[in-house]
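Welcome! Please take a moment to look over the sequence and the model below, and then we will walk through some of its parts together.

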Amino acid sequence: TVHRSKVQLYCDMKSRTKVRTVDGTEEPFSSLGWDQLVPLQTVQDLHYQKCAVVMSAGSMLRSALGREIDSHDAVLRFNAAPTVGFETDVGNKTTIRIINSQIVSKRKHQFSSSPLYEGVTLLVWDPASYSLNLTKWFQKPDFNLFSAYERRRIQRPEQPFYVLHPQFIWTLWDLIQNNTEDQIQPNPPSSGFMGILLMMSLCRDVSVYEFLPSTRHTSRCHYYERNFDSACTFGAYHPLLYEKLLVQRLNEGNVDELRTKGKVRLRGFSAVQC
Ligand code: NCC
């Protein structure tokens, strides 16, 4: 299974990746009335043609990719990555933002008041255990996302805001493990990898920027911050290197685009015939 061809890999990923959010049909969420709290429209109802996934990497700086990124029908960004002040390099359109549970729980991110989290579809995640015990997860998440979620749903009912189901997260981990001979660390995939698989599920074509590094690659972690740590690009907690090797095998774009733009082209699952 490690040596699957590109087509087999696309088909395997298509059949196994099921985008799933917490919908209030399971305990403890059903007793808490979450079926009434979550948005009526589901994430799976969203469909786009051309999508861009913009990584937060320092190598986005001086890319001049802003206009190209904004020409996509939908743009996905991560965590606290801003566009204001970086438009030339990263664009200014944001359609969906994936955030981890630190964003909603740590005061410094000002989740309830920052404009970064307004006017977009939001998806928050927190790992839970591999065994998917949702009651234990609810009692003891890595960072408390649940009260912040409940509060924002009540305060901003018109904003599409979802909690990614841990099953989606751990299915992606299984996918990564099943496609390498190495034993990968038992930690969830990065937000970036979740975002790529989310957009492959919702879009016909997906362009991913600076997940596989261009010739601008740098140890600078983020384009919007001055901290330097190569673990941001190659991983420590997340199995990031393995995520990247897998995405490289799926690339439909050419080597030149990868070198100069850090751009990978992927087919969305709707365009994959198996
Ligand atoms: O850094 P982070 O990720 O927000 O980046 C989003 C995604 O972009 C890809 N990336 C980032 C930097 C880089 N040099 N190369 C990259 O390929 C990765 O795919 C990454 O997932 C996360 O995944 O949620 C993460 O979040 C941060 C942090 O919590 C948030 O930025 C909020 O401040 C984590 N860092 C720490 O907790 C210190 C990071 O490990 C993962």
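Which residue of β5 does Leu123 stand opposite? Leu123 stands opposite Tyr162 in β5. Keep in mind as you read on that this is a predicted model.

## The sheet

Let us begin with the strands. Seven of them form an open sheet, and their order is β5-β4-β3-β2-β1-β6-β7. The pairing in this sheet is mixed. At the edges stand β5 (161-163) and β7 (263-267), and each has a single partner strand, so one side of each is left without a neighbour in the sheet. From one strand to the next, the twist averages 20°. As background, strands of a sheet pair through backbone hydrogen bonds, either parallel or antiparallel.

## A path across the strands

You can follow one path through part of the sheet, starting at β2. Strand β2 (residues 74-78) runs parallel to strand β3 (residues 96-100), and three bridges join the two. Here Phe78 stands opposite Ile98 in β3. The next step leads to β4, as β3 and β4 pair in the parallel sense over five bridges. Ile98 has Leu123 as its bridge partner in β4.

From there, β4 and β5 pair in the parallel sense too, over three bridges. This brings us back to Tyr162 in β5, which Leu123 stands opposite. As for its surroundings, β4 is mostly covered, with four of its five residues buried.

## Helix α8

Now turn to helix α8, which covers residues 166-178. Its 13 residues should span 18 Å at 1.5 Å a residue, and the end C-alpha atoms are 18 Å apart, so expectation and model agree.

Which residues of α8 are buried? They are Pro166, Phe168, Ile169, Leu172, Trp173 and Leu175. These buried residues pack against three helices and a strand: α1 (6-16), α6 (134-139), α9 (191-202) and β4 (121-125).

## Helix α9

Helix α9, one of the elements that α8 packs against, deserves a look of its own. It is mostly covered: twelve of its twelve residues are buried. Among them are Phe193, Ile196, Leu197 and Met200. Its length can be checked too: at 1.5 Å a residue, the twelve residues of α9 should span 16 Å, and its end C-alpha atoms are 16 Å apart, which agrees.

## Around the ligand

Helix α9 also has a part in the shell around the ligand. There are 19 residues around the ligand, and those that come nearest are Ala57, Asn79, Ser190, Ser191 and Gly192. Two or more residues of the shell come from each of α5 (101-105), α9 and α10 (231-234). With three residues, α9 gives the most. Both Ser191 and Gly192 are among the buried residues of α9.

What classes of residue make up the shell around the ligand? Ten are nonpolar and nine are polar, while no charged residues are found there.

## A closer look at Lys14

Our last stop is Lys14, which has its place in helix α1. Why is Lys14 called partly exposed? Lys14 has 18 other C-beta atoms within 10 Å, and a residue would need 20 or more to count as buried, or 12 or fewer to count as exposed.

Lys14 also links parts of the chain that are apart in sequence. Its C-alpha atom is separated by 7.9 Å from that of Ser201, although the two residues are 187 residues apart along the chain. Ser201 is one of the buried residues of α9. Leaving aside neighbours within four places in sequence, Lys14 is in contact with Phe269, Val272 and Cys274.

Methods. Residues are numbered from 1 along each chain as its sequence is written. This is a predicted model: local features need pLDDT of at least 70, side-chain atom pairs count only at pLDDT 80 or more; totals for chains, interfaces and linings use all residues. The expected span of a helix is 1.5 Å times one less than its number of residues. Two residues are in contact if their C-beta atoms, placed from the backbone, lie within 7 Å. A residue is near a molecule or strand if its C-beta atom, placed from the backbone, lies within 6 Å of it. Ala, Val, Leu, Ile, Met, Phe, Trp, Tyr, Cys and Pro count as nonpolar, Asp, Glu, Lys and Arg as charged, and the others, Gly among them, as polar. Two strands pair if DSSP finds at least two bridges between them. Axes are lines fitted to C-alpha atoms, for helices over the stretch in contact, and angles run from 0 to 180 degrees between N-to-C directions.
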